[in-house]
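Q: I am new to this structure and would be grateful for a close look at a single part of it. Please take one residue as the starting point and describe its surroundings in a connected account.

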Amino acid sequence: MKKMINVAFIYSIVAMIAGVFYREFTKFNGFVGVTSLGKMHVHLLVLGSLFFLILGLYCDRVKVEDQKGFNTAFIAYNVGLCWMVVMMLVRGILQVLNTPLSSGINAAISGVAGIGHIILGVGLVLIFLKLKKAVK
C-alpha cells in the first residue's frame with residue numbers, strides 16, 4: 001500500500017508541474033487554442049494519482065500486490081502512462097510552437113503515442129486480472 005501511495009504522490013507532483021508548464025509555456029508563446037499540453041495535467045491526476053490511490057486501498061484489503069506477476073503489470077502500466085504523457089508533451093510543444101510537420105512525422109508521433117496507449121492498456125488489463133484473482 002505504501003508503494004501505491006508513494007507512486008500516487010509522485011504522479012500528483014508531476015501533474016502539478018505539467019499544469020504549470022502548460023499555463024506558462026502557452027502564455028510565454030502567446031498561444032491561444034487547444035493543445036495536448038492542456039490534457040497532460042488531467043491524465044496524470046486521474047490515471048496516475050487517483051488510480052494508484054484506489055489501487056492502494058485494494059492492496060490494503062486483498063493484498064493484490066502479492067499476486068504473481070503483479071510487478072510486471074505495475075511496471076507495464078507505469079511505462080505506458082509515462083510514454084503516453086511524454087508523447088502528449090512532444091505533440092503539445094509542437095502545436096504551441098506551430099511547427100510544420102510532414103505527414104510522415106505526424107503519423108510517426110501518433111504511432112509512437114499509440115504504442116504508449118497499448119502498453120498502458122495491457123498494464124491496466126493485467127492489473128484488473130490480478131485484482132480479480134486476489135478477491136477470490
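A: Apart from neighbours within four places in sequence, M84 is in contact with H43, L47, G116, H117 and L120. The model in which these contacts are seen is a predicted one. M84 itself belongs to helix α3, and with a relative accessible area of 2% this residue is buried. The cut-off for that word is a relative accessible area under 20%, so the 2% of M84 qualifies. Not every residue of the preceding helix lies beside M84: the C-alpha atoms of M84 and F52, which are 32 residues apart along the chain, are separated by 17 Å.

The helix that carries M84 may be described next. Helix α3 covers residues 70-96, which makes 27 residues. From its first C-alpha to its last, α3 reaches 39 Å, close to the 39 Å expected at 1.5 Å a residue. After α3 comes N98, whose phi is positive, near 55°. N98 is a residue other than glycine, and it is found in the loop between α3 and α4. Its relative accessible area of 64% makes N98 exposed, whereas M84 in α3 is buried.

Three of the contacts of M84 lead towards helix α4, which spans residues 103-135: they are G116, H117 and L120. The 33 residues of α4 should span 48 Å at 1.5 Å a residue, and its end C-alpha atoms are indeed 48 Å apart. The buried residues of α4 are I109, A113, G116, L120, G123, I127, K130, L131 and A134. Among them, G116 and L120 also appear in the contact list of M84. As a group, the buried residues of α4 pack against α2 and α3.

The other two contacts of M84 are H43 and L47, and helix α2 comprises residues 37-62. Part of α2 also contributes to the surface. V42, L45, V46, L50, I54 and Y58 make a nonpolar surface patch of about 500 Å². Of these, Y58 is found in helix α2 and is partly exposed, with a relative accessible area of 42%. L45, another member of the patch, also takes part in a contact with S12.

That contact brings helix α1 into the picture. S12 lies in α1 and, at 19% relative accessibility, counts as buried; the limit is under 20%. Leaving aside neighbours within four places in sequence, S12 is in contact with L45 and S49.

Helix α1, residues 2-28, also holds E24 and K27, which lie 3 residues apart, about one turn of the helix. The side chains of E24 and K27 meet in a salt bridge, with 3.6 Å from N to O. E24 also meets R23 in a salt bridge, here with 3.0 Å from N to O. The structure holds 2 salt bridges, and R23, E24 and K27 are linked by them in a network. E24 is partly exposed at a relative accessible area of 34%, and R23 is likewise partly exposed at 44%. K27, at 54% relative accessibility, counts as exposed.

Returning to the path from α2 to α3, one meets K63 in the loop between these two helices. K63 has a positive phi of about 55° although it is not a glycine. Its relative accessible area of 41% makes K63 partly exposed. N98, in the loop between α3 and α4, also has a positive phi near 55°.

A last matter is the pair of cysteines C59 and C82. The structure holds 0 disulfides. The sulfur of C59 is 18 Å from the closest cysteine sulfur, that of C82, which is too far for a bond; the cut-off for a disulfide is 2.5 Å. C82 accordingly is in no disulfide, the nearest cysteine sulfur being that of C59 at 18 Å. C59 is buried, with a relative accessible area of 1%, whereas C82 is partly exposed at 41% relative accessibility.

To return to the starting point, M84 is a buried residue of helix α3, in contact with residues including H43, L47 and L120.

Notes:
Residues numbered from 1 in each chain as written. Predicted model: local features only at pLDDT ≥ 70, side-chain atom pairs only at ≥ 80, totals over all residues. Heavy atoms only, no water. Salt bridge = Lys/Arg side-chain N within 4 Å of Asp/Glu carboxyl O. Buried < 20%, exposed > 50% of the residue type's maximum accessible area, 1.4 Å probe, protein only. Helix = DSSP H or I, 4+ residues; strand = E, 2+ residues; numbered from the N terminus. Expected span 1.5 Å × (residues − 1). Contact = heavy atoms within 4.5 Å. Patch = residues over 30% accessible without salt bridge, like charges linked within 9 Å, V, L, I, M, F, W, Y side chains within 5 Å. Areas by Shrake-Rupley, 256 points an atom, 1.4 Å probe, with all protein chains shown as cover.
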